[in-house]
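Student: I would like to go through this model with you, beginning with one side chain and then turning to the surface and the strand pairing.

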Amino acid sequence: MMSLNRKKHLLGTALVAAAFCCSPAVCEDLPADRVLEERRLRFFADEPIRNGVMYFPYGVHTASDELEATPHNLVGLSYRSFSLAYFRNSYGGDTVALVHGRNLLSYEPFGADLFYGIMYGYHGELAESDNMPSVAKPLFEGEINPVASVSPYWRVTERLELRAMLTPFFAALGVKVNF
């Protein structure tokens, strides 16, 4: 049975994701005949993610009853649809992730990217988590573990994006600077 706090937190996470993906786009700088073209909703457009640097200073564990933001200082570099990221995990260990990303959907200036890959740094500790489903525990017992996330964004300017990172057990807010 899921606790009331957990239900509220999951609802809040879903609302944040919906706000990022479903808010109306502002296309003031585009000529009138290009507004519809730029704002069309695209799913799985098979577009690469944009090159850039991202920073997510704090995150929240979605499987916890407490909604306490903790510092993780995730820093990542994306280049040609691959991202390399470093962060301090909840167990205090240094963690590195290598992921591939693709654009999942876009409705300019909003969208979401899908990331999937591997990470190193938990040393089997994730398999011991009470929140880990028993069928998934073998994937997290070793030194290298799978990772996947959806990252909704709002492109504030051509170079600056406000982003969320949503995984099954963790959510974070941050920024990405594109180059």
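Student: Does Trp154 count as buried, partly exposed or exposed, and why?

Tutor: This is a predicted model, in which local features need pLDDT of at least 70, side-chain atom pairs count only at pLDDT 80 or more, and totals for chains, interfaces and linings use all residues. Residues are numbered from 1 along each chain as its sequence is written, and side-chain values use heavy atoms, with hydrogens and water left out. Buried means under 20% relative accessible area and exposed over 50%, with partly exposed in between (1.4 Å probe, protein chains only). Because its relative accessibility is 35%, Trp154 counts as partly exposed.

Student: Which strand gives the most residues to the nonpolar surface patch?

Tutor: Patches are made of residues with over 30% relative accessible area and no salt bridge (a side-chain nitrogen of Lys or Arg within 4 Å of a carboxyl oxygen of Asp or Glu), and nonpolar side chains (Val, Leu, Ile, Met, Phe, Trp, Tyr) are joined within 5 Å. The patch here covers about 970 Å², and Trp154 is among its members, as are Val75, Leu77 and Tyr79. Strands, which are DSSP E runs of at least two residues numbered from the N terminus, include S2, S3, S8 and S9, each supplying at least two patch residues. The largest contribution, three residues, comes from S3.

Student: Which residue in S6 is the bridge partner of Asn103?

Tutor: Two strands pair if DSSP finds at least two bridges between them, and S5 (residues 94–107) and S6 (residues 110–120) pair antiparallel over 11 bridges. A hairpin of two residues joins S5 to S6. The partner of Asn103 in S6 is Asp113.

Conventions: Patch = residues over 30% accessible without salt bridge, like charges linked within 9 Å, V, L, I, M, F, W, Y side chains within 5 Å. Areas by Shrake-Rupley, 256 points an atom, 1.4 Å probe, with all protein chains shown as cover. Helix = DSSP H or I, 4+ residues; strand = E, 2+ residues; numbered from the N terminus.
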